[in-house]
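Let's walk through this fold together, one question at a time. Have a look first, and then we'll talk.

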Amino acid sequence: MFAVHLLSFYFTKLQEDQIKKVDRFLYAMRLSDEQLLDISRRFREEMEKGLSRESNAAAALKMLPTHVCSTPDGSEKGEFLALDLGGSKFKVLQVKVSEDGKRKVQMESETFPIPEEVFNGKGTDLFVHVAQSLKTFMQKNNINQKKKPLGFTFSFPCLQSKLDEGVLLSWSKNFKARGVLGTDVVQALRQAISNAEGIDVDVLALVNDTVGTMMTCGYDDQRCEVGVIIGTGTNACYMEELRHIDLVEGDEGRMCINTEWGAFGDDGALDDFITNFDCEIDAASINPGKQLFEKMVSGMYMGELVRLILLKMAKRGLLFKGRVSDALRTKGKFQTKHVCMIEEYKDGLRNTKEILAELGLSPTEDDCVAVQHVCTIVSFRSANLCAAALAAILTRIRENKKLKTLRTTVGVDGTVYRTHPQYAKRLHKVVRRLVPDCHVRFVLSESGSGKGAAMVTAVAQRLASQRKEINDTLAAFTLSSAQLQQVKERMRVELERGLKKDTHDTASVKMLPSYVYRTPDGTERGKFLALDLGGTNFRVLVVKIRSGIRKSVRMYNKIYAIPLEIMQGTGEELFDHIVHCISDFLDYMGMKNTRLPLGFTFSFPCSQAGIDKGTLVSWTKGFKATECEGHDVVDMLREAIKRQNEFDLDIVAVVNDTVGTMMTCAYEDPKCEIGLIAGTGSNVCYMEAMKNIEVVEGDKGQMCVNTEWGGFGDNDNIEDIRTKFDREVDQGSLNVGKQRFEKMTSGMYLGEIVRQILIDLTRRGLLFRGRITEPLKTRGIFETKFLSQIESDRLALLQVRSILQHLGLDSTCDDSIIVKEVCGAVSRRAAQLCGAGMAAIVDKIRENRGLDHLDITVGVDGTLYKLHPHFSGILKETVKELAPKCEVEFVLSEDGSGKGAALITAVARQHYREA
């Protein structure tokens, strides 16, 4: 028993001695975590260089765009062909992706040899050979479908400008076919297929084998966004944010980047980690100075690296008693498959002895232990280097997504990863140690290069089909110049009908007189009180206007809440509350004994018979106070002041907020004769010649007309441009059939139109994986402010996804792009329609005055105009296009409801004094 323990101890000690000897000899190949993190940092820097247009040419990592912009979502279906060309044999596959929801993939394939004279001959002969083999396969399998979609895996570096195009940058793997470098390989394949006759295929995608690996795994695991090959060669790809890829136009969405990481270090970035053995490998290769990382990592060089180390150790007397065989001196005799066999857990030492014997060597037990440890160090370094580079990619994805922890999947393929007994386990362990904030699942790819090409093709076909459906849906929101011209002409007709006494009652645009006869001229002065009632808050202001050289407007105000019980109580209670607030404000300002002229901004529909006479037509915005509709609001305010009996006011004007907007801007700019509100509601007012306003007596001078253009279309004259979504929004509104133009242009409704479109697209399986969530079913959930946020040029898709998640909508990157597109279509149409309406008004003013050219300013207010990133620009473009004889400037209003009310009051007092 003692003898057995002694033998075991002796053997363990022998192993330790041999391992230490090898460790000392290969010290430079053993990398600490600190060194690996340093390599990972360098790799990140190289990625940045490759993605930048300025530094890409000099970058070692070329970071090639693949134009694969979406990974599989599981809804792919159909039958596809795939070609896999990347070695001395190539494969033709037929891939059937099930459409019964079981996500099943069936494959049939055939491998065809490529004679040496073909891959070293003329390029045209190579592609003719591929086309003929494809034809043979299709005939044998009775594939005769028209325009059969085909994906082409081409495992050589290509520069792609789109998915179905790729210019060959360089041959590798002993291929030297002439006349192909610098040409489009897809075009060459198409030409050969066309010449072959009898086969009808549509080459939809050119795919790198690394991308194929990612896409294959992505079909089964939708978290997969990285592909890695560790085989004869090595490479990685991953999904990058499009906004970071300078070499490609556009900044929305993601695109798969083929890193071509084998070239890492070609610019000297790894010089301090490259050993003498690596230098020997490089010097003897067909491409010295190139693909240095690949030469330290991949299966093509791993066996040769071990051979060089064993040869040097033997020559130094550290192995085989200093004896060297001819086989050990011969390049290529020790292969990577030998490394895999030697590192087997149980049979490793026995395999080592047999392999060394085949090389003409007579190894001792300690020789075998030492050789096994050499193989371990070389393969472990390979796994370490791959882990460091992969850690850099994972960290970049995590930071792109602004996540504390990333959960993702890496698809892996390649003979080293598949067949080496320890490699995968080592790689996984080191990656998890280097990036503990990334939870990574590794999935072995199944026929990645062939199935992956089919998957890319399937995704391309799905996206093309979805794109057509989405384009068809949104086409209804795209208005041509001719349609916008028609809207302008129809608006002009309705403006005229609203002004004429005979047609006023049936006109959809009511053209209400405001009894404001002119805009400010700078002579206005005095103190005025202004009231602003238009929502749950009520504002009281005192406005001091100075004229002359020191012309100015100063305002002091206080905001008061209107409780729900008052909003929905009696009219007497509401106006008593308003007067109580005015009383408090006058006390606060010390002005109770001063009889001030008052302007009352009352933002509810009113019929005016004079500037101080306004009959409430109907309450909106949650107000339901009784005994108010059909009554004059000025009279109700006067009676409430009498009941309070604490102060007296001279109520001069009832003001519409649109008119207030115009007057505020006109005070600064005399050319301002139009007011536009583009916010929760939509409306316009403008200065019209009195002679054209038949519903008011008198034909001298001008008067501001409140168009109430939101009602345009209520007489069915814009039905040809209304969509089914507009009708659904109208049906769900409180005033069905009314305010149709406003429902297509105002902030109150745009979000709801978007929600209706999103429901339709989801129902058809084009969004949110076909799942209609409860929030999406909720009316009003998609507020118009979200359109402004989503369409912001500064907002990344990640933030769009965050907004959608806040709304309970779990979106993919592709979903976010579509939602942004829907928002853009709806808001663009709204801006164009407002522009067409505005063009009708400015042209009418120009013609009223008999001018060839009109210079005019529009005062604007409203959250849609102020906050939406594109609304104002599109509005201005449309006016310019439809009213080319008018130079229209748009100026933002500053407090139209307060300052504007005071200015209207001041102008009205002057008018009546002069009358």
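Q: Among contacts in the protein chain between residues at least 6 apart in sequence, what share joins residues at least 24 apart?
A: This is a predicted model, where local features need pLDDT of at least 70, side-chain atom pairs count only at pLDDT 80 or more, and totals for chains, interfaces and linings use all residues. Residues are numbered from 1 along each chain as its sequence is written, and side-chain values use heavy atoms, with hydrogens and water left out. A contact here means heavy atoms within 4.5 Å. Among those between residues at least 6 apart, the share joining residues at least 24 apart is 70%.

Q: What is the radius of gyration of the protein chain?
A: The chain's secondary structure comes to 31 helices (H or I, at least four residues) and 26 strands (E, at least two), both DSSP runs numbered from the N terminus. The globule rule (2.2 Å times the number of residues to the power 0.38) gives 29 Å for 915 residues. The chain is well over that, so it is more spread out than a compact globule; taken over C-alpha atoms, its radius of gyration is 39 Å.

Q: Which residues of helix α7 are buried?
A: Helix α7 covers residues 276–283. Buried means under 20% relative accessible area and exposed over 50%, with partly exposed in between (1.4 Å probe, protein chains only). The buried residues are Phe277, Asp278, Ile281 and Asp282.

Q: Which exposed residues does the face of α7 turned away from its buried side carry?
A: The buried residues cover an arc of only 140 degrees around the axis (using directions from the helix axis to the C-beta atoms), which puts them on the same side of α7. The face turned away from that side carries the exposed Asn276 and Ala283.
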